[in-house]
Amino acid sequence: MSLHPRALVHLENIVANWRAIGAMQPGAEAGAVVKANAYGHGAGQVAKALHAAGCQTFFVAYVEEGMEVRGVVGDGPDILVFNGASEIERIEVEKLRLIPVLNSLTDLDTWIKYARSSPYAVHIDTGMNRLGIRSEDVPALITASRDAPPAHIMSHLVDSDDPACPLNAAQRQTFSELAQHFPTARKSLSNTGGCYICGDFGFDVIRPGIGLYGGGPPAPAGHRPLPGMTLEAPILTVQHAKAGESVGYGATHKLTVPATLATVALGYGDGFPRSASNNGYASLGGTPCPIVGRVSMDLITIDVSAARDLAKPGVFAQFIGPEVPLEDQAKRAGTVGYELVTGLGDRVRRIYD
Ligand SMILES: *Cc1c(COP(=O)(O)O)cnc(C)c1O
């Protein structure tokens, strides 16, 4: 049997992170963002675990993702679809009672015309200039939605990774003023970073994503996010290389001293970034082992000289997890935790505890 990379998904950690973030905004209901296959952790399993823990509001990006979540959480919870629904998806959305987030006045007109009695949400853009109805169009929104008001109103923070950024308070203020025009709607502003800002950023529902999975901006004092997964790759071979030799494609790493090298089954074909070449690391029994040479499609070579006794074929080296914090590995690859976990492909076997 061939050896594959695997991701041990820690559902109990994801639930613990969700509870801890919820406790930071005690006035708000804690929702959960499970888009992009729950940031690579498996949307069905994650939604099921969070629902069992009491989560009643889920957020996804696509209708298909919402359909998957509906299948595991049953009829009760709200499921909001950030990117809205196209006309051909409308019937399915209504049937499954997914809540599309409408992002323009045109989408609103169409929704009210064809699906008047079904709940919908509206995203108001308060500074991102990405998705949502512009704040100057809110008077038109109020008029257009008078007879069929939105069930939810939301906006999104531009720079919540930096709690000191003045945009946070400004967006909070703008959102609070605009949201007053929709007294029956539930209000939502904060992603993980927003929940971490001290102060009242909760409104009615919070939308943490990355923080549930152990990544994101630095957490406030007293909260240590637990890893959502442990990404591991099995050692295929171990060899002893001499000083002066090089490692991998392009000979980008030259050994200055003799080294013990282990080659593991993991590569950019599994979604592990090539930009981690000569930068990232693995942990073998708690000892950091640097990635040497280029990450190739199916293989990575690590220098295990410092953990020589542990390095044997079939032993797993950790690339994300308790010994290799997600954001630390991501930073070494020149990216962020979001991209690292959502990029992991199907060849990485997800295993649930
Ligand atoms: C992805 C997303 C979130 C979750 O953000 P995190 O930074 O992962 O917590 C919240 N709201 C919206 C609109 C999003 O697109």
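**Group meeting: a walk through a two-domain model**

Okay, let's start at one residue pair: R6 stands opposite E232 in strand β12. Strands here are DSSP runs of E, at least two residues long, and helices are H or I runs of at least four, all numbered from the N terminus. Before I go on, the ground rules: this is a predicted model, local features need pLDDT of at least 70, side-chain atom pairs count only at pLDDT 80 or more, and totals for chains, interfaces and linings use all residues. Residues are numbered from 1 along each chain as its sequence is written, and side-chain values use heavy atoms, with hydrogens and water left out.

So, back to that pair. R6 sits in β1, residues 6-9, and β1 pairs with β12 (residues 229-241) in the antiparallel sense, over four bridges. For pairing, DSSP has to find at least two bridges between the strands. β1 also pairs with β20 (residues 349-352), this time in the parallel sense, again over four bridges. There, V9 stands opposite Y352. The side chains of β1 alternate: A7 and V9 point to one face and are buried, while R6 and L8 point to the other and are not. Buried, by the way, is under 20% relative accessible area, exposed is over 50%, and partly exposed is in between, with a 1.4 Å probe and protein chains only.

Zooming out. The protein has eleven helices and 20 strands, and the C-alpha trace spans about 75 × 45 × 35 Å along its principal axes. Of the 353 residues, 50% are buried. The domain assignment gives domain 1 (11-213) and domain 2 (229-352); such bounds come from an automatic or database assignment. Their C-alpha centres lie 37 Å apart, and the contact takes nine residues from each domain. Contact means heavy atoms within 4.5 Å.

Now, where does the largest nonpolar core lie? Between the two domains, because both give residues to it. A core here is a set of buried Ala, Val, Leu, Ile, Met, Phe, Trp, Tyr and Cys residues joined through side-chain atoms within 4.5 Å. This one has 95 residues, and L50, F58, I302 and F319 touch the most other members. Leaving out residues up to four places away in sequence, F319 touches, among others, L231, F272, Y281, I302 and Q329. A second, separate core has six residues, including A241, L255, A259 and V292.

Next, helix α4, residues 63-73. V63, E65, G66, V69, R70 and V73 are buried. Seen down the axis they fall within an arc of 150°, so they line one face of the helix; the arc is that of the directions from the helix axis to the C-beta atoms. On the other side, E64 and G71 are exposed. The buried residues of α4 pack against α2, α3, β4, β5 and α5. Just after the helix, G74 takes a positive phi of about 80°.

Last item, cysteines. How many disulfides do we count, taking a pair of sulfur atoms within 2.5 Å as one? Zero. The sulfur of C165 is 15 Å from the closest cysteine sulfur, in C198, which is too far for a bond. C198 is in no disulfide either, as its nearest cysteine sulfur, that of C195, is 13 Å away. C165 is buried at 12% relative accessible area, whereas C198 is exposed at 75%.

Notes
A disulfide is a pair of cysteine sulfur atoms within 2.5 Å.
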